[in-house]
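Open the model in your viewer and keep the selection panel at hand. This tour tells you what to select at each stop and what is there.

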Amino acid sequence: MAFLGIAVWRVLGCRRPLGPLCHARYYSVQSEHTTEKSVPYAKTLKQEDGLSGPTKPLPRAADAVVIGGGSLGCQTLYHLCKMGMTNVVLLERDRLTAGTTWHTAGLLWQLRPSDTEVELLAHTRHVVSSELEAETGLETGWIQNGGLFIASNKQRLDEYKRLMSLGKVYGIESYVLSPAETKELYPLMNVKDLYGTLYVPKDGTMDPAGTCTTLSRAATARGALVIENCPVTGIQVQTDHMGVKRVKAVETDFGTIETPCVVNCAGVWATKLGKMVGVNVPLIAMHHAYVVTERIEGIQNMPNVRDHDASVYLRLQGDALSVGGYEQNPIFWDEVSDKFAFSLFNLDWDVFMQHIEGAINRVPALEQTGIKSTVCGPESFTADHKPLMGEAPEVRGFFLGCGFNSAGMMLGGGCGKELAHWIIHGHPEKDMYGYDIRRFHHSLTNNNRWIRERSHESYAKNYSVVFPFDEPLAGRNMRKDPFHQLLQEQGCVFQERHGWERPGWFHKEGPAPVLDYDYYGAYGIPTHSDYKYKQLLGKEYTFDFPPLHDTIRDECMTCRKAVAVFNMSYFGKFYLTGPDAKKAADWLFTADVNKAPGSTVYTCMLNKKGGTESDLTVSRLEPGPAHLPLTPESNGDAYYMAIGGGVAQHNWSHIQTVLQDKGFNCTLTDFSEDMGMISIQGPKSRDLLQEVLDTDLSNEAFPFSTHKIVTAAGHKVRAMRLSFVGELGWELHIPKDSCLPVYRAVIDAGAKHGVRNAGYRAIDSLSIEKGYRHWHADLRPDDTPLEAGLAFTCKMKTSIPFLGRKALESQKAEGLRRRIVCFTIDEKVPMFGLEAIFHNGIPVGHLRRAEFGFAINKTIGYGYIRNPDGGVVSPDFIRSGDFTLERMGVVYKAKAHLKSPFDPENKRVKGIYSTD
């Protein structure tokens with residue numbers, strides 16, 4: 001029997017030259033696997049009877065075929081049946097759970113820094129703790145022993161307090177405990193180095209075999225077929241009359257099942273399944289491990305523990321503990337074996353020992369405790385440590401439910417329900433954009449370097465504090481616009497969005513370039529020395545006002561008082577043309593975009609339930625010959641769309657799906673890479689641009705929400721009079737070869753007006769101050785335009801039908817049960833979103849987005865609120881009562897606003913400035 005303390009000593013003891021256990025660790029190994037290890041569950045579904053062939057006959061056809069019998073496959077099957085789709089089949093190549101689910105730790109923590117994830121986890125907990133047992137009479141193995149988050153410093157405890165405040169909105173019981181209170185709860189714990197803990201009494205542990213067995217029985221009772229020992233050998237795809245690829249059938253050695261829908265829940269094998277139909281599945285397989293101890297006296301009934309700063313978790317296992325975590329140097333599994341079932345790898349103690357050290361520090365009794373077994377199995381990981389879900393953009397009817405980053409049990413119930421709704425209704429119920437495969441640009445999903453680097457960083461930082469302004473160091477410089485080098489030389493500190501490098505803010509102490517990824521020194525790769533970009537990011541790791549608060553203020557106030565230039569080149573830039581372009585525009589867009597050519601309209605795109613899939617600007621173009629990239633060829637109606645670059649792929653896929661579903665004969669083309677875009681904003685913008693452009697910029701000649709082709713410094717550009725910051729201003733959409741000369745002309749002409757560069761951190765502050773929405777922050781697929789205060793974008797007074805209109809009409813007739821509200825506070829404290837909103841002491845919502853507004857000199861936030869009695873959220877309800885906001889457990893009095901407190905009469909975008 002090995003003892004944990006001895007294991008650490010052995011590994012540490014080898015740290016001398018030429019030690020027998022010390023050797024260079026490469027990116028990956030072709031590990032031998034063994035079935036001799038054991039997981040700490042009373043039972044698994046492995047069988048030794050040597051069964052060959054499927055456990056049931058294959059049907060000729062099915063409405064959907066789920067591939068993979070792990071947590072996600074079983075949960076998706078169960079929820080499809082509960083929603084009424086019962087002609088469904090689950091195919092598992094071996095036995096249920098055989099891939100990665102069988103050895104999972106099965107932890108469930110209710111609190112996460114995401115409202116959507118809190119809701120998903122709540123549904124999983126409901127399914128495994130009560131719903132399944134009530135439905136089947138079978139126990140799933142759920143154990144409610146609570147969860148304890150360890151904080152060794154103030155920042156970590158602040159992070160936990162943020163979770164606690166959000167949890168109050170959802171009724172999740174949690175308590176911040178002192179070290180002494182923690183010791184009373186968990187007597188075996190060392191609390192000498194603790195700052196505090198967060199205790200969540202109703203967290204718990206799931207059993208994979210019990211859960212998946214019960215799910216499959218509940219699904220089969222409703223008519224589903226679960227067929228084991230039936231590997232999939234191919235997937236047939238057909239191309240329809242519009243040239244769209246669609247799923248046709250699933251092939252096995254034992255027969256073919258015709259189906260219009262395949263759900264890829266194959267875990268680490270999902271990439272191979274995707275290749276069968278030409279779908280990129282951007283995940284990577286790694287070794288992930290824990291060890292199980294012998295009996296520990298006094299450990300019974302203790303809560304599960306997450307000690308993030310030590311990168312270790314302690315899972316209660318009866319009278320023992322399972323010990324695991326996330327290391328800096330995980331082992332990649334590049335050669336994924338199709339024969340790997342109920343199998344494990346040999347544990348690499350060189351990699352794993354850091355978790356043992358942390359565990360012994362937290363529970364000293366472990367030093368003299370034996371190791372009963374080691375569990376090292378494969379898990380799939382993704383570039384942002386979030387799952388891959390939704391319909392693949394390459395093939396209609398091919399859905400993803402994979403890449404769960406070892407959280408497939410914990411998220412399985414919530415995600416299975418959302419995926420089932422997605423399959424049946426064409427969209428999920430909740431905001432699932434953070435999991436949607438369309439969050440990644442298509443140029444990244446088959447880029448192995450990007451997938452590998454970003455997946456490693458996400459794995460290694462999984463237990464890091466989630467700070468508001470963090471940026472990745474991995475997978476950078478994938479997409480750069482024509483201004484990139486010039487702005488970098490001027491001190492631009494870049495953010496990464498959708499693969500693009502976009503300006504975050506401007507640093508006064510010279511260039512801070514993003515360097516190649518150094519894997520944080522893992523695998524023998526030397527770390528970058530004196531890495532200025534990383535140092536600047538490190539200064540941002542705070543829940544207080546960041547050090548560059550004054551820099552952002554200067555960029556914002558220059559825009560408010562003079563003129564600023566924003567590089568927004570990462571925007572998506574699409575053209576919609578063809579015989580049915582007008583029909584498509586009428587159906588796609590909530591606003592009436594069919595005004596006179598030269599008009600530009602701010603609008604939304606919705607899903608069937610009225611949820612907002614996008615906000616964008618649509619410009620009506622003159623028909624004529626092509627002068628690309630500024631003008632497409634068109635003999636009739638043509639439209640130019642400018643869309644936030646971070647969500648361009650999502651928008652592209654949404655538009656294409658709608659065009660295909662409606663059979664519109666039109667063409668969507670992407671010119672995002674062919675044009676740059678700068679926005680010149682502020683009271684002096686007209687004076688500056690009048691020297692650069694060859695056109696009259698007066699209100700009469702160039703009104704707000706119009707556009708035209710003009711000449712700038714001898715180059716043709718499309719100028720649009722728009723603003724995303726609430727000021728007089730124009731956007732210039734510029735062919736890429738003309739970007740630098742036009743930019744230089746703008747900067748030269750602006751020198752006497754005090755022009756300066758500004759970045760997206762300034763845009764975030766300026767836009768929220770004016771009350772403009774950010775899609776996927778205060779405007780999401782689970783928000784309607786009516787709830788979001790965007791009713792003015794909807795052509796409800798016309799008779800023109802559009803996608804989502806019926807849902808909006810019903811909602812308008814019934815009254816709004818939730819509504820977005822602006823809040824300000826007088827205290828000078830930062831807020832970032834997730835802060836709880838209280839009305840007369842009762843939680844009614846949480847902030848989606850918050851920033852400091854420098855012109856009004858206040859923290860400002862937006863959040864959706866509900867009426868506690870379930871009634872309509874009327875303006876009178878908002879005006880009545882007292883609102884407070886809770887930030888990290890501290891309550892602040894707040895003022896609610898029905899209009900933006902900055903320029904509520906909307907004068908500044910019209911060029912009307914007071915002479916004060």
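**Stop 1: helix 15**

Select the buried residues of helix 15: Ala648, Gln649, His650, Asn651, Ser653, His654, Ile655, Val658, Leu659 and Gln660. Buried means under 20% relative accessible area, exposed means over 50%, and partly exposed is in between, with a 1.4 Å probe and protein chains only. Helices (H or I, at least four residues) and strands (E, at least two) are DSSP runs, numbered from the N terminus.

This is a predicted model, in which local features need pLDDT of at least 70 and side-chain atom pairs count only at pLDDT 80 or more, while totals for chains, interfaces and linings use all residues. Residues are numbered from 1 along each chain as its sequence is written, and side-chain values use heavy atoms, with hydrogens and water left out.

Now show the whole of helix 15, residues 648-662. How far apart are its end C-alpha atoms? They are 21 Å apart, which agrees with the 21 Å that its 15 residues should span at 1.5 Å a residue. The expected span is 1.5 Å times one less than the number of residues. Step just past the helix to glycine 663, which takes a positive phi of about 70 degrees.

**Stop 2: the whole protein**

Zoom out. The protein has 20 helices and 40 strands. The radius of gyration is 28 Å, close to the 29 Å that the globule rule gives for 916 residues, so the protein is as compact as a globular protein of that length. That radius is taken over C-alpha atoms, and the rule is 2.2 Å times the number of residues to the power 0.38.

Along its principal axes, the C-alpha trace spans about 85 × 65 × 60 Å. Buried residues make up 63% of the 916 residues. The accessible surface comes to about 33900 Å², and 50% of it belongs to carbon and sulfur atoms. Accessible areas come from the Shrake-Rupley method with a 1.4 Å probe; for residues, only the protein chains shown count as cover.

Take contacts between residues at least 6 apart in sequence: 74% of them join residues at least 24 apart. Contact means heavy atoms within 4.5 Å.

**Stop 3: the six-stranded sheet**

Select strands 9, 3, 2, 13, 21 and 20, in that order. These 6 strands form an open sheet with mixed pairing. Its edges are strand 9 (225-227) and strand 20 (388-391), each pairing on one side only. From one strand to the next, the twist averages 20 degrees. Two strands pair if DSSP finds at least two bridges between them.

At one edge, strand 20 runs antiparallel to strand 21 (residues 398-402), and 4 bridges join them. Click glycine 390: its bridge partner in strand 21 is leucine 400.

Next add helix 2 (residues 71-82). It lies across strand 2 (64-67), strand 3 (88-91), strand 9, strand 13 (262-264) and strand 21. Helix 2 runs at about 170 degrees to strand 3. Axes are lines fitted to C-alpha atoms, for helices over the stretch in contact, and angles run from 0 to 180 degrees between N-to-C directions.

**Stop 4: the three-stranded sheet**

Select strands 10, 11 and 12: these 3 strands form an open sheet in the order 10-11-12, with antiparallel pairing. Strand 10 and strand 12 are the edge strands. Here the twist averages 30 degrees from one strand to the next.

Strand 10 (residues 232-239) is joined to strand 11 (residues 245-252) by 7 bridges. Valine 232 stands opposite threonine 252. Their hairpin has 5 residues between the strands, and glycine 243 takes a positive phi near 85 degrees there.

Strand 11 pairs with strand 12 (residues 255-258) over 4 bridges. This hairpin has 2 residues between its strands. Two bridge pairs to pick out are alanine 249 with glutamate 258, and threonine 252 with glycine 255.

**Stop 5: two loop residues**

Select histidine 753, in the loop between helix 17 (739-750) and strand 34 (756-758). Is histidine 753 buried or exposed? It counts as buried, at 17% relative accessibility. Leaving aside neighbours within four places in sequence, histidine 753 is in contact with Ala562, Val563, Lys684, Asp687, Leu688 and Glu691.

Finish at alanine 701, in the loop between helix 16 (685-690) and strand 31 (707-712). At 30% relative accessibility, alanine 701 counts as partly exposed. Not counting residues up to four places away in sequence, alanine 701 touches Asp696 and Lys708. Draw a distance from its C-alpha atom to that of glycine 274, 427 residues apart along the chain: the separation is 54 Å.
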